[in-house]
Amino acid sequence: MAEQDGSAVRDEVAAARRIVVKVGSSSLTTAAGGLDADRVDALVDVLAKVLDGDGKGDGGRDGGGKGGASGKETVLVSSGAIAAGLAPLGLDRRPRDLARQQAAASVGQGLLVARYTASFARYGRRVGQVLLTTDDTSRRAHYRNATRTLDQLLAMGALPIVNENDTVATDEIRFGDNDRLAALVAHLVRADLLVLLSDVDGLYDGDPRTPGTSRIAEVRGPEDLDGVSIGSAGRSGVGTGGMVTKVEAARIATAAGVPVVLTSASRAGDALLGRHTGTFFHRTGRRSANRLLWLAHASAPRGALTLDDGAVRAVVERRTSLLPAGIAAVEGEFTAGDPVELRDTQGRPVARGLVNFDAKEIPQLIGRSTRDLARELGPAYEREVVHRDDLVVLD
C-alpha cells in the first residue's frame with residue numbers, strides 16, 4: 001500500500017487515551033552495551049509531551065506528576081536491562097547462557113530505571129517499576145494483582161515502566177521477547193493503542209536495506225502480509241527481538257482489539273500524534289475483559305493431557321470444563337495450577353488450561369466420573385480437571 005501524506009492524521013491513534021509504548025534495547029543502548037543517556041532522554045522528551053497533551057512537555061508545572069486534562073496515560077515497556085549490564089560486567093556481547101543473562105539483568109535493571117527516573121524528573125514525573133514473568137500473569141490471582149498495580153500507578157499519575165523479570169525468570173517462564181510482553185500488557189491495562197518502537201521505521205515488503213523495497217503503510221488483516229518476507233529488523237546485537245516478533249505482537253494485540261503502530265524510535269513523536277508514519281495495524285478482533293489471552297500466548301505448558309473425541313468436542317465446540325472421564329492419557333511433570341496443553345487423540349493441541357491436580361494424581365482419575373471419584377477418594381476429587389474459566393481454545 002502506498003505511503004500517505006505525512007501531514008494527515010490517523011484519527012484512531014490521535015484519539016487514544018491510554019497508550020502502551022514498547023522500546024527495544026537497540027534504541028536505548030550502544031552497540032557495545034551500556035545505556036545511551038541521550039537516547040533515553042530523547043524518548044522521555046517525546047513521552048512527556050504526550051503525557052501533558054499540550055505539545056510542550058512542561059510536566060513540571062504542578063510538581064505532582066500528572067498531566068493536564070488533555071494528556072494521555074502511558075505505560076512504557078522497556079527492554080535494555082541485560083544490554084545495560086554488559087559493559088559494567090566487562091561483557092562485550094550478550095551472553096547466551098541464562099545465568100549470565102540474569103546477572104547482567106540484575107546489574108542493568110537498576111541502571112535502566114535510575115536513568116528513566118532521572119530523565120522523567122526533568123518534567124516532574126514519577127515512574128514505577130513493574131517486573132513480570134509469565135507465572136505472574138497466567139494465574140488468576142497474580143493477574144489481578146498485576147492489573148491493580150498498573151491501574152493504581154496510572155491513577156496516581158506515575159508512569160509504569162514494565163520489563164520481564166529477567167533476573168529470576170527461567171527458560172520455562174520467560175515471555176521470550178518484550179514485543180509479545182507489550183502486546184499482553186496492552187490487553188492487561190485495556191489500552192487504546194500499542195506503539196512498537198524499533199530501529200526500523202516500519203514493516204517493509206522485503207529487506208529494507210535492499211533497493212526497491214517499500215514500507216507497508218497499513219495492515220488490515222493477515223491477508224495483507226501474504227507474500228511478504230519478514231526478516232529480522234535488529235542490527236545491534238544487544239536485543240532478542242526482530243521484525244518477526246513485532247508482527248506477531250501486532251497480531252496478538254489487534255486480535256484483542258488494540259490497534260498497533262510500528263515505527264522507529266526516532267519517529268515516536270509523529271507516531272504518537274497520529275501522523276502517517278510507520279506501519280499501522282488495524283484491530284482485527286474485539287476487546288476481551290479476561291486473562292485468557294495471557295494463557296494462550298504467555299504460558300509455557302508444563303505437561304499435556306490427551307482427550308478422547310467426546311471431550312475434544314465438549315471443550316472446543318461447547319466450551320465446557322474438562323472432566324476426568326474425558327481424559328485418555330497424561331504426560332509431563334506438573335503441579336496443580338500449572339498450565340497444561342490439551343490434545344486430541346492425534347496429538348494435536350486443541351486448548352490450554354490451568355490444571356487442578358498434580359500430574360501424579362491424574363492416572364487414577366482417567367476415564368472416571370467425578371461422582372465415583374468423590375465416593376472413593378473424597379469430595380476434593382468431585383471437581384473439574386480444568387475449569388472452563390481457566391481454559392482457552394487454541395486457533
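## Aromatic pairs

Searching the whole structure turns up two aromatic pairs. Please keep in mind that this is a predicted model. A pair of aromatic rings is described by the distance of the centres and the angle of the planes.

Let us begin with Y116 and F120. Their ring centres are 6.4 Å apart and the planes meet at 35 degrees, so this pair is tilted; planes under 30 degrees apart would count as stacked. Y116 and F120 both belong to helix α4, which covers residues 98-121. Because they are four residues apart there, about one helical turn separates them. As for exposure, Y116 and F120 are both buried.

## The stacked pair and its arginine

The other pair joins F357 and Y381. With ring centres 5.6 Å apart and planes at 20 degrees, the pair F357 and Y381 is stacked. F357 sits in the loop between β12 (349-354) and α12 (370-377), while Y381 sits in the loop between α12 and β13 (391-393). The pair therefore ties together parts that are 24 residues apart in sequence.

How buried are these two residues? F357 has a relative accessible area of 0%, so F357 is buried. Y381 has a relative accessibility of 16% and counts as buried too, because the cut-off is under 20%. F357 has a further partner: the charged end of R383 sits over the F357 ring, 4.3 Å from the ring centre.

## A nonpolar patch on the surface

Now to the outside of the model. Which residues make the nonpolar surface patch of about 210 Å²? The patch is made by L89, V107 and L111.

L89 is found in the loop between α3 (81-86) and α4. With a relative accessible area of 39%, L89 is partly exposed, since that class lies between the buried limit of 20% and the exposed limit of 50%.

## Around A14

A14 is part of helix α1, made of residues 11-14. At a relative accessibility of 32%, A14 counts as partly exposed.

What does A14 touch, leaving aside residues up to four places away in sequence? Its contacts are V9, K72, L273 and G274. A14 can also be set beside L193: 179 residues separate A14 and L193 in sequence, and their C-alpha atoms are 9.6 Å apart in space.

Notes:
Residues numbered from 1 in each chain as written. Predicted model: local features only at pLDDT ≥ 70, side-chain atom pairs only at ≥ 80, totals over all residues. Heavy atoms only, no water. Phe/Tyr/Trp six-rings, centres within 6.5 Å; stacked < 30°, edge-to-face > 60°. Helix = DSSP H or I, 4+ residues; strand = E, 2+ residues; numbered from the N terminus. Buried < 20%, exposed > 50% of the residue type's maximum accessible area, 1.4 Å probe, protein only. Lys NZ or Arg CZ within 6 Å of the ring centre and 35° of its normal. Patch = residues over 30% accessible without salt bridge, like charges linked within 9 Å, V, L, I, M, F, W, Y side chains within 5 Å. Areas by Shrake-Rupley, 256 points an atom, 1.4 Å probe, with all protein chains shown as cover. Salt bridge = Lys/Arg side-chain N within 4 Å of Asp/Glu carboxyl O. Contact = heavy atoms within 4.5 Å.
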